[in-house]
Amino acid sequence: MAYREKLAWIELIGMTLAYGAYFVAVGIVEPVGVRDTTLTYVGLFGAATVVRLLVLGGGWLTLRIQSAAETRAKPDERDRDIGRRGATAAYYTLMVLMLWVGVVLPLVESGWKVANSALAAIVIAELVRLAVTVTSYRRGWHG
């Protein structure tokens, strides 16, 4: 597995665990009767971010120790092409989701539901970028 593919896997796993747990917790906050305050959401998001950073940091450190020579190599043309491909897919995903969040959702929802939907759009777009990157490496994409 290529070094940058391993990094993408680490990011994908970290984001899925951290923000998946965040959105599950957010879905539970209101029905359970937890006080629906800004501090609640900021605390949950902060915890999710810390989890993500711990997974990324631990994974990066482990990967750096295991493949020290590969970490210093600059991205080649294939790596850059795969990165552009992932970024393009993420951009279009984000635009579609933000149109939903910015145009349609405010007509039917308000407050934290809109804010969490915007956060979900950003997370989904980033997951799309990482999934395209991993898939491109797995399938041996060469442009």
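Helices here are DSSP runs of at least four residues, numbered from the N terminus. Good morning, colleagues. The structure under discussion is a predicted model, and I shall begin with its first helix, H1, where tryptophan 9 is found.

Tryptophan 9 counts as partly exposed, because its relative accessibility is 32% and that class lies between 20% and 50%. Together with Met1, Ile13 and Leu17, Trp9 forms a nonpolar patch on the surface. The accessible area of these four residues together is about 400 Å².

Let me now turn to the interior. In soluble globular proteins, nonpolar side chains tend to be buried together. In this model, the largest nonpolar core has 13 residues. Those that touch the most other members are Met15, Tyr19, Tyr22, Tyr41, Ala48 and Leu130. Helices H1 (3-32), H2 (38-66) and H5 (112-139) each supply at least two residues of this core, and H1 gives the most, with eight.

Methionine 15 deserves a separate word. Leaving aside residues up to four places away in sequence, Met15 touches Gly20, Arg52, Val123, Glu126, Leu127 and Leu130. Apart from the largest core lies another, of five residues, including Val101, Leu105, Val114 and Ala121.

Finally, I draw your attention to aspartate 79, in helix H4, which spans residues 77-108. What is the nearest side chain of opposite charge to aspartate 79? It is arginine 4, 4.1 Å away. A salt bridge requires a distance within 4 Å, so this pair does not qualify. Aspartate 79 is thus buried yet has no salt bridge. With residues up to four places away in sequence not counted, Asp79 touches Arg4 and Tyr137.

Technical notes. Residues are numbered from 1 along each chain as its sequence is written. This is a predicted model: local features need pLDDT of at least 70, side-chain atom pairs count only at pLDDT 80 or more; totals for chains, interfaces and linings use all residues. Side-chain values use heavy atoms; hydrogens and water are left out. A nonpolar core is a set of buried Ala, Val, Leu, Ile, Met, Phe, Trp, Tyr and Cys residues joined through side-chain atoms within 4.5 Å. Buried means under 20% relative accessible area, exposed over 50%, partly exposed in between (1.4 Å probe, protein chains only). Contact means heavy atoms within 4.5 Å. Patches are made of residues with over 30% relative accessible area and no salt bridge: like charges are joined within 9 Å, nonpolar side chains (Val, Leu, Ile, Met, Phe, Trp, Tyr) within 5 Å. Accessible areas come from the Shrake-Rupley method with a 1.4 Å probe; for residues, only the protein chains shown count as cover. Lys and Arg count as positive and Asp and Glu as negative; His and the chain ends are not counted.
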